Amino acid sequence: MSHSFDLLRRPRRNRQHAALRTLVQETRVTAEDLIAPVFVREGEQAPEEISSMPGVFRYSISGLVREATELQALGIRAMAVFPYSDPKIKNSQGTGALDPLGLIPRTVKALKAAVPEMVIIVDVALDPYTDHGHDGVLDTRGDVDNDATVEILQRMAVILAEAGADLVAPSDMMDGRVKAIRQALDARDLTRTGILAYSAKFSSAYYGPFREAVGSAQAAGTTQLDKRTYQLNPANSREAVLEARLDEEEGADILMVKPAGAYLDIIRAVRENSALPLAAYQVSGEYAQIQAAAKLGWLDLEKTRDESLLAIKRAGADMILTYFAKAVAKSLKG
């Protein structure tokens, strides 16, 4: 039975078979788009899997060097390094963050010696080092003291840059910290060190597994610290764009939206308001929920994983921090 419709445009023609669908595909995720977040701890023990993040491990420095070599061979060009801090070094002022011989400076030096072409990104925030788990020092009211925290972050950024970090990444959401860090770096002739700013970091329920990974949840005795006085309200999009604009004005080299999957509209809004490179962080809770649903047989792990990353890229992200980085890079290599 034949039909005759006066249709000049039939979009399905471009979907007829795999080769044609590939030819007209608008968005692609490559290994070079991915940044692998990794966790390092003291000691020389074997990698320790994080219970809420299957397939994600805390490494010793030497173990992380081996992991970095594998990531580089798979085509991944950047790593974001986070510490699992010994509770013994934690205090109310987060002074462990200022030790030039501390875990992260030593890790950065080891990584740059072993894989010098790998872009090493380091977190600039105090939550892995404070006994209360907040991203800065507290004032007399128990809130994070913005300016006192920024002064510490300046010193922390300089130490990490001197250790060899390519990008320092302030994730604290203090007002004015990007400009202050840029001034501190430049004053020490560290002008080549870039700033990847967590520009729109929301006070999200998706961070729980990460806090286990770095130990900040246990340090504070809760998995749900209230960080709403400095992290963004999930209801606000215009405020997120404002924060991104301020970071650009203050000298950020790359902007970031965190989390990613539930904030695709924010990624798009920031993309449309800035010409700077834009990162998005597919956070621990996003990773954990896909893993959990797949384990129960409710979702196809690889298809859901790949679709989630494609959506983030399509929304406007140039680069994606994801715990799926290694698995995706392996898949792309075939």
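In the predicted model described here, the side chains of E67 and K326 form a salt bridge, with nitrogen and oxygen 3.0 Å apart. This pair connects distant parts of the chain, since E67 belongs to helix α2 (residues 61-73) and K326 to helix α12 (residues 325-333), with their positions 259 residues apart in sequence. E67 and K326 are both buried. A further salt bridge is made between E70 and K326, whose closest N and O atoms lie 2.8 Å apart. Here, too, distant parts of the chain are linked, with E70 in helix α2 and K326 in helix α12, 256 residues apart. E70 has a relative accessibility of 39% and therefore counts as partly exposed, whereas E67 and K326 are both buried. K326 thus takes part in a salt bridge with E67 and in another with E70. As regards the spacing of residues within a helix, an α-helix has 3.6 residues a turn, so residues three or four places apart point the same way.

Another ion pair is found elsewhere in the chain, where the side chains of R182 and D253 meet in a salt bridge with an N to O distance of 3.8 Å. Because R182 lies in helix α5 (residues 177-187) and D253 in the loop between α8 and β8, this pair ties together parts that are 71 residues apart in sequence. R182, at 12% relative accessibility, counts as buried, while D253, with a relative accessible area of 33%, is partly exposed. R41, E48 and R58 are joined into one network by salt bridges that share partners. The count of salt bridges in the model comes to 18.

The packing of helix α9 (residues 264-273) was examined next. Its buried residues are I266, I267, A269, V270 and R271, and these pack against the strands β7 (194-201), β8 (254-258) and β9 (278-282) as well as against the helices α8 (238-249) and α11. The loop between β8 and α9 contains P259, and the peptide bond that joins K258 to P259 is cis, with an omega of about -5 degrees. Most residues other than glycine have a negative phi, and most peptide bonds are trans.

Backbone geometry was also considered at M173 and D189. M173, a residue other than glycine, has a positive phi near 65 degrees and is located in the loop between β6 (167-170) and α5. With a relative accessibility of 3%, M173 counts as buried. D189, likewise a residue other than glycine, has a positive phi near 60 degrees, and its place is in the loop between α5 and β7. In contrast to M173, which is buried, D189 counts as exposed at 64% relative accessibility.

H132 is placed in the loop between β5 (119-124) and α4 (146-163), where its relative accessible area of 16% makes it buried. A polar atom of the H132 side chain lies 3.1 Å from the backbone nitrogen of H134. Between H132 and F324, which are 192 residues apart in sequence, the C-alpha to C-alpha distance is 30 Å.

On the surface, L296, W298 and L299 make a nonpolar patch of about 380 Å². W298 is situated in the loop between α10 (284-295) and α11 (301-315), and its relative accessibility of 66% means that W298 counts as exposed. Helix α11, which follows this loop, is also among the elements against which the buried residues of α9 pack.

Confidence in the model was assessed from the pLDDT, which averages 94 for the protein chain, with 96% of the residues scoring at least 70. Over residues 218-223, however, the pLDDT is below 50, and this stretch has twelve contacts in the model beyond near neighbours in sequence. Where pLDDT is low, the predicted coordinates should not be read in detail.

Key
Residues numbered from 1 in each chain as written. Predicted model: local features only at pLDDT ≥ 70, side-chain atom pairs only at ≥ 80, totals over all residues. Heavy atoms only, no water. pLDDT = per-residue confidence, 0-100. Contact = heavy atoms within 4.5 Å. Patch = residues over 30% accessible without salt bridge, like charges linked within 9 Å, V, L, I, M, F, W, Y side chains within 5 Å. Areas by Shrake-Rupley, 256 points an atom, 1.4 Å probe, with all protein chains shown as cover. Salt bridge = Lys/Arg side-chain N within 4 Å of Asp/Glu carboxyl O. Helix = DSSP H or I, 4+ residues; strand = E, 2+ residues; numbered from the N terminus. Buried < 20%, exposed > 50% of the residue type's maximum accessible area, 1.4 Å probe, protein only. Polar contact = N/O pair within 3.5 Å; in protein donor to acceptor, adjacent residues only side chain to side chain.
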